[in-house]
Amino acid sequence: MKPSPFSYHPAASVDEAAQFLSELEDAKILAGGQSLIPLMNFRLASPTHLIDISGLAELSEIKVSESEVEIGASVTHSQVLQSEQVGSALPLLVEAERLIAHEVIRNRGTLCGSLAHADPAGEMTAVITVLNGRVNTASVSGGRTIEAADLFEGPLQSSLREDELIVSATFPKLGPRTVSSFREVARRHGDYAVAGAVSVVEYDNDDQVHSARAAFLSVGPVPTLVSFDDLLRGNRIEDVGHNEVYNFLSSQLEPHGDLQASADYRRHLSAEMGWASLEACI
Amino acid sequence: MTTQSFGKAIRRTEDDRLIRGRGSFTDDAGSEGLSLTMIRSPYANARILSIDVSEAWEVEGVRAVLTYSDLPGRLVEPLPLLIPHPSLVAPRTQYILAKEHVRYVGEAVVAIFATDRYVGEDAAERVIVEYEPRKAVVGIDAALGPDLVHDDVPGNVAADHVEHVGNVDQALDEAPHVLELDLDMERSMGSSLEGRASHATWDRHSRKLRIQNATQTPTSVRFAVANILEIPDEQVEVFAIDVGGGFGTKVIHPWPEDILTAWGAIEYERPVKFTEDRVEHFISSSHERAQRHQIKVGFDDEGRILGLDVDFVHDNGAYTPYGMIAPLITATQLPGPYKLPNYRVRFRSVYTNTVQVTPYRGAARPHAVFSMERTIDRIAAFLEIDRAELRRRNFIQPDEFPYDLGMIFQDGRPAIYDSGNYPELLEKVLAMIDWDGFPERRSQTPPGRRRGIGVACYVEGTGLGPYEGGHVRVETGGKVQVSTGLASSGQGHHTVFAQIVSDELGVPFEDVEVVTGDTRRFQYAVGTFASRAAVMSGNAVAEAARLVKEKAIQIAAEALEANPDDLEIVDAQVQVKGTPARGIPLAQVAVLANPLRYSFSEAARAATQFAGAGDLDEPPIKPGEDPGLEAAGWYSPVRATFASGAHAVEVEVDTATSEVEILRYCVVHDCGRLINPLIVEGQIHGGVAQGIAGALYEKMAYDEDGNLQNASFMDFLMPYCTEIPEVEIDHLETPSPLNPLGIKGAGEAGVIPVSAVIAAAVEDAEGFQINHMPLFPSELHEMRLMNAEVSE
Ligand SMILES: Cc1cc2nc3c(=O)[nH]c(=O)nc-3n(C[C@H](O)[C@H](O)[C@H](O)COP(=O)(O)OP(=O)(O)OC[C@H]3O[C@@H](n4cnc5c(N)ncnc54)[C@H](O)[C@@H]3O)c2cc1C
């Protein structure tokens with residue numbers, strides 16, 4: 001459990017990080033290291049160069065505007081969790097952060113690192129998906145934005161180019177009459193969830209559902225977005241009820257089985273979490 | 001007055017050091033030498049066709065790359081079979097490095113000595129081993145099938161053993177009711193925080209091989225190393241300063257790496273260190289717990305058991321270095337606190353292509369208790385009698401001790417319970433959890449939850465011989481030095497041995513300093529396992545302290561010109577009983593005990609006032625006496641002492657997620673006289689935590705090719721403290737008549753009945769049978785679906 005030899009490059013600026021990425025063969029960005037270092041210790045990843053962006057002041061900002069929350073790439077999970085600004089602008093981010101790992105890991109791991117890591121079991125991949133957020137990147141050939149829907153390509157595979165780094169992630173705030181909730185089940189406190197769902201429900205002026213959607217964790221290669229519009233629009237969640245939602249979700253979700261959950265159990269649990277997160281939006 | 005410390009909840013003297021990171025673990029022992037890296041088999045069952053190490057030699061920093069054919073002398077032999085047994089007809093142990101064949105994923109194949117572990121792992125990537133894989137034998141079904149683990153062991157059967165009491169066939173024939181159960185438990189492991197480790201230094205000037213080793217048995221590591229390296233015992237010193245948990249794995253010795261580090265230190269004249277990493281701990285240390293039991297029980301209308309017939313299969317993995325201790329324990333501990341006039345147990349211990357199985361805290365008693373307690377619950381359900389009442393009807397009664405089971409225990413001696421009070425244990429735990437109030441509580445279960453309650457009892461043979469020893473010496477500075485050959489791996493020996501010596505000798509607790517597990521200080525010991533340290537070494541240091549006290553009183557009597565019978569030791573002063581003014585400090589007695597010509601200290605100068613008081617016609621040290629205020633004491637029991645306990649648990653199971661939540665966990669525990677309740681409770685907490693781990697979280701997930709799929713703490717779900725409920729504890733103190741201190745072992749107890757009691761509570765909540773542990777939510781969910789179908 002020792003990594004292969006690598007060279008370490010602390011980046012002095014985003015530009016330098018982008019420069020390193022374009023010049024060095026087989027280089028990887030190092031943020032909090034909470035996912036990358038274990039992979040290296042198992043020699044499942046053996047990058048030749050690590051470019052450390054964790055100390056970059058220009059990536060350490062949390063910006064809250066009228067309509068959006070933007071989190072810089074060196075902002076840790078703990079900083080998001082403790083940010084009062086984020087807490088009042090987009091409580092869902094804080095609710096999700098609470099479900100991520102343990103304090104010591106949150107103290108180093110970054111929100112943007114979670115997104116770059118593209119783990120379909122990660123809470124932030126689901127949150128950015130359900131909110132239709134985006135990430136902002138930099139590279140020597142210039143930056144771009146990648147919509148959440150285009151960001152995840154497979155387990156631990158994002159659509160970032162090799163010469164590109166995430167500089168921040170942007171999450172739209174919820175509109176008026178819109179409620180969100182995150183529910184998940186993990187085998188132990190702080191573990192990746194066996195199943196989980198994050199729902200966003202927008203109500204019309206009669207307090208009936210106008211639109212509703214949920215993103216599911218751990219049910220496929222990428223976060224799975226399900227729309228409840230056909231089922232719920234013009235209704236109340238409680239009137240539609242557990243059984244219909246459960247059956248609808250059971251037919252929609254095609255999860256895999258693994259050591260912690262058979263495919264059937266995970267489908268069941270995901271449907272239950274889908275219902276629980278909707279119910280919490282009532 | 002010296003305050004009595006035996007029985008007091010004194011805080012552990014070890015903890016200040018350990019909590020501040022000032023422990024001294026084997027991996028802390030310097031990194032200037034060579035590091036040993038092992039290449040392990042990726043196949044569970046394969047022939048080795050060729051090994052090409054040439055490229056690894058090229059890596060900068062590599063000192064040597066060895067395969068089996070490079071090993072000298074006795075290193076080519078299989079590792080020792082530590083505990084033979086007549087029923088163990090086909091014992092097999094592994095080689096230090098695999099010879100021609102590998103039999104589990106993780107078996108050592110190549111050894112690399114390099115400047116550090118990073119270089120070692122770089123070099124390991126350059127070794128090419130060509131294997132010819134064969135079909136792997138994984139799990140008990142496969143072991144009973146046609147494929148073989150060892151070509152010369154037919155049926156994969158290492159041992160086939162039967163014991164019986166009474167006439168089971170007749171009892172079952174005549175019993176009014178007979179039930180059958182099929183039960184099984186899966187594998188787990190102890191998962192000590194510190195893995196295996198050894199650091200060996202060869203001092204060519206004094207010709208000593210110094211080994212710091214993370215072991216539960218330094219004296220035996222010493223003999224093993226000396227034997228295999230063919231050097232005198234005197235040249236080998238082994239010590240375990242701090243050991244980060246062992247749970248049984250570190251009783252096994254020698255491991256291949258113990259021998260290779262020792263041999264390498266001499267061969268390369270450099271310190272050599274091996275520190276196992278977590279993956280290695282999962283795939284190359286020991287596992288435990290996979291057994292499958294078939295049970296037939298006959299009983300009368302009142303629920304009294306008339307006959308019990310148990311046939312079980314024990315998966316011992318690829319090798320049997322520790323003999324068949326684990327299944328033997330299941331066999332003899334299965335009756336627990338109950339009277340079984342007719343009992344027969346047969347087991348087969350079978351080979352599989354998996355990591356070897358050796359005792360892990362609890363040592364196959366969890367299976368025994370699971371079998372017995374599930375059986376009792378099943379009878380209760382059948383007869384519709386309260387589960388607690390059924391236990392009452394079958395208990396051995398307090399006036400029936402000593403109670404002879406009629407069987408042979410793991411120490412080769414008759415299994416005779418020395419003392420206990422099982423009915424009282426049960427009543428206490430029932431009162432604690434409010435057993436009778438449960439129906440009322442159940443009726444208030446919140447929606448979405450199901451509530452259940454369970455109780456389980458056990459008896460545990462502890463404090464096995466053959467012997468332990470201890471040494472006590474009073475220094476002229478007043479400190480009392482205590483040493484045992486027996487080592488510590490976190491139990492708190494430094495505290496409890498000091499408590500015992502402090503009381504026996506009459507000195508303040510703070511003046512007693514304890515060193516354990518250092519062959520330079522004490523050469524004879526068996527080891528720390530089988531809940532034996534307090535019983536064995538505790539009684540041995542007590543004996544040593546008594547001898548020192550006798551000697552101190554003799555010497556002081558002469559100095560004070562008093563009758564020895566009139567003297568006592570209070571607060572480190574030998575004095576005429578009740579007359580502190582007529583006394584002499586123990587430190588000064590120590591000076592007198594060693595009549596040097598020189599004086600180094602105030603105590604020595606003060607002591608000269610007493611010198612010359614003796615008979616001038618006698619030599620200063622009389623025939624038969626030794627200088628020094630010191631003595632070694634020994635304790636060797638006729639047989640084991642039997643501790644016991646009862647656990648009760650109330651659970652809630654979630655109807656949506658099938659998660660089991662423990663609402664209350666209650667323990668009543670009887671380990672005889674308590675030396676230190678705080679430490680006993682700590683042992684129980686840890687044991688219950690490991691029990692919950694084995695019941696609800698952990699298993700070794702092998703695929704059919706013998707790959708361990710969850711060899712990391714990410715996938716092997718050792719619970720965090722957040723998963724462990726508060727454990728409520730009460731004690732019963734039934735002294736053991738077998739040893740002067742009246743104590744019984746407490747190290748393993750907590751873990752033993754946990755699977756049984758949680759199965760009982762979940763069964764109670766769900767209303768269908770739980771026959772298999774561990775119980776994961778995913779499986780419970782599937783069981784619900786199956787049972788719903790059956791009842792439809
Ligand atoms: C025990 C444990 C439990 C955990 N539990 C959870 C959990 O429950 N839920 C959860 O979501 N996560 C969990 N994590 C993961 C944790 O949240 C990680 O911190 C996070 O996934 C990655 O963030 P990081 O900053 O540590 O990234 P790193 O480990 O530094 O990097 C991860 C990957 O992303 C790339 N990367 C990082 N930042 C950027 C960037 N700005 N631009 C481009 N590429 C980048 C790296 O090159 C690397 O490939 C857990 C981790 C551990 C160790």
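Here is a chat about how some labels in this predicted model are earned.

Colleague: Why is the pair Tyr68(B) and Tyr95(B) called edge-to-face?

Modeller: Ring centres have to lie within 6.5 Å to pair, and planes over 60 degrees apart count as edge-to-face. Here the centres are 5.5 Å apart and the planes make 80°, so the label fits. By this rule there are 21 aromatic pairs over all chains.

Colleague: What makes you say that this pair ties parts together?

Modeller: Tyr68(B) and Tyr95(B) both lie in the loop between strands S3 and S4 of chain B, but 27 residues apart in sequence, so their pairing links those parts.

Colleague: And how do you know whether Tyr68(B) is buried or exposed?

Modeller: Buried means under 20% relative accessible area. Tyr68(B) has 17%, so it counts as buried.

Colleague: What about Tyr104(B) and Tyr319(B): why are they called edge-to-face?

Modeller: Their centres are 6.1 Å apart and the planes make 75°. The limits are within 6.5 Å and over 60 degrees, so that's edge-to-face too. Both tyrosines are buried. Tyr104(B) is in the loop between S4 and S5, while Tyr319(B) is in the loop between S14 and helix H9, so the pair joins parts 215 residues apart in sequence.

Colleague: What makes you say that a charge sits over the ring of Phe239(B)?

Modeller: For an arginine, CZ must be within 6 Å of the ring centre and within 35 degrees of the ring normal. The charged end of Arg520(B) sits over that ring, 3.9 Å from its centre. Arg532(B) lies over the face of Phe529(B) as well, at 5.2 Å from the ring centre.

Colleague: Why is helix H3 of chain B called mostly covered?

Modeller: Count its residues: six of the eight are buried. Among them are Val119(B), Gly120(B) and Ala123(B). The buried residues of H3(B) pack against several elements of chain B, including S1, H2 and H8.

Colleague: What reaches the backbone nitrogen of Tyr118(B) at the start of H3(B)?

Modeller: A side-chain oxygen of Asp116(B), to within 2.9 Å. The cut-off for a polar contact is 3.5 Å, so the distance passes.

Colleague: Now chain A. How do you know how its radius of gyration fits a compact globule?

Modeller: With 282 residues, a compact globule would come out near 19 Å; chain A has 19 Å, so the two agree. Also, 54% of the residues of chain A count as buried. The chain holds twelve helices and 14 strands.

How values were computed. Residues numbered from 1 in each chain as written. Chains lettered and ligands numbered in written order. Predicted model: local features only at pLDDT ≥ 70, side-chain atom pairs only at ≥ 80, totals over all residues. Heavy atoms only, no water. Phe/Tyr/Trp six-rings, centres within 6.5 Å; stacked < 30°, edge-to-face > 60°. Helix = DSSP H or I, 4+ residues; strand = E, 2+ residues; numbered from the N terminus. Buried < 20%, exposed > 50% of the residue type's maximum accessible area, 1.4 Å probe, protein only. Contact = heavy atoms within 4.5 Å. Polar contact = N/O pair within 3.5 Å; in protein donor to acceptor, adjacent residues only side chain to side chain. Rg over C-alpha atoms; globule rule 2.2 N^0.38 Å.
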